[in-house]
Amino acid sequence: MDHIDNNRDDRTMWGLILLAIVVGGLFRFLPTLTGNDEIDGLFGVLLGLYICSKPATHVVDMLIFGRDIRHWISMVQSDIGWVMLNLLVIFCGLSMVVTGTLRFFGAD
């Protein structure tokens, strides 16, 4: 269980949220970042997947290193703030994936 506790970095998670907000704002208010909607869309999708990867590793760590389901549920209940932060980062990453996909197909 020490591996999970040592892997928690709130600043990284908040930085990923900030990155998603900044890039999403650029996508919203600028007609294009690179001059090509396909490249902008690809960048948005890849960035969104990268943002989602950090909290996904935390969930996998919790599932793999948890002893049994009762221990996993009690760990989630005791660390509800950490779980909510992970869910927020996943939501921001998925919104970047959707934004990038819309930009890629020109529906923006």
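**Exercises on helix packing**

H2 and H5 pack at about 25 degrees, their axes 10 Å apart. Keep in mind that this is a predicted model, where local features need pLDDT of at least 70, side-chain atom pairs count only at pLDDT 80 or more, and totals for chains, interfaces and linings use all residues. Residues are numbered from 1 along each chain as its sequence is written, and side-chain values use heavy atoms, with hydrogens and water left out.

**Exercise 1.** Work out how H2 runs relative to H5.

*Solution.* Start with the angle of about 25 degrees; angles run from 0 to 180 degrees between N-to-C directions, and axes are lines fitted to C-alpha atoms, for helices over the stretch in contact. Under 35 degrees counts as roughly parallel, over 145 as roughly antiparallel, 65 to 115 as roughly perpendicular and the rest as oblique. So H2 is roughly parallel to H5. Next, the handedness: H2 passes H5 in a left-handed crossing, meaning the near helix is turned anticlockwise from the far one by less than a right angle.

**Exercise 2.** Do the same for H3 with H5, then describe their contact by class.

*Solution.* H3 (residues 37-65) and H5 (residues 80-104) are helices, that is, DSSP runs of H or I with at least four residues, numbered from the N terminus. Their angle is about 165 degrees and their axes are 7 Å apart. That makes H3 roughly antiparallel to H5. The crossing is left-handed here too. By class, the contact has 14 nonpolar, 8 polar and 4 charged residues (nonpolar: Ala, Val, Leu, Ile, Met, Phe, Trp, Tyr, Cys and Pro; charged: Asp, Glu, Lys and Arg; polar: the others, Gly among them).

**Exercise 3.** Place H2 against H3.

*Solution.* The angle is about 160 degrees, with the axes 11 Å apart. H2 is therefore roughly antiparallel to H3. Finish with the handedness: H2 passes H3 in a left-handed crossing.

**Exercise 4.** Find the salt bridge and say which parts the pair ties together.

*Solution.* Look for a side-chain nitrogen of Lys or Arg within 4 Å of a carboxyl oxygen of Asp or Glu. A search of the whole structure turns up 1 salt bridge. Aspartate 40 and arginine 103 form a salt bridge, at 3.5 Å, N to O. Aspartate 40 sits in helix H3 and arginine 103 in helix H5, so the pair ties together parts that are 63 residues apart in sequence.

Note on methods:
Helix = DSSP H or I, 4+ residues; strand = E, 2+ residues; numbered from the N terminus.
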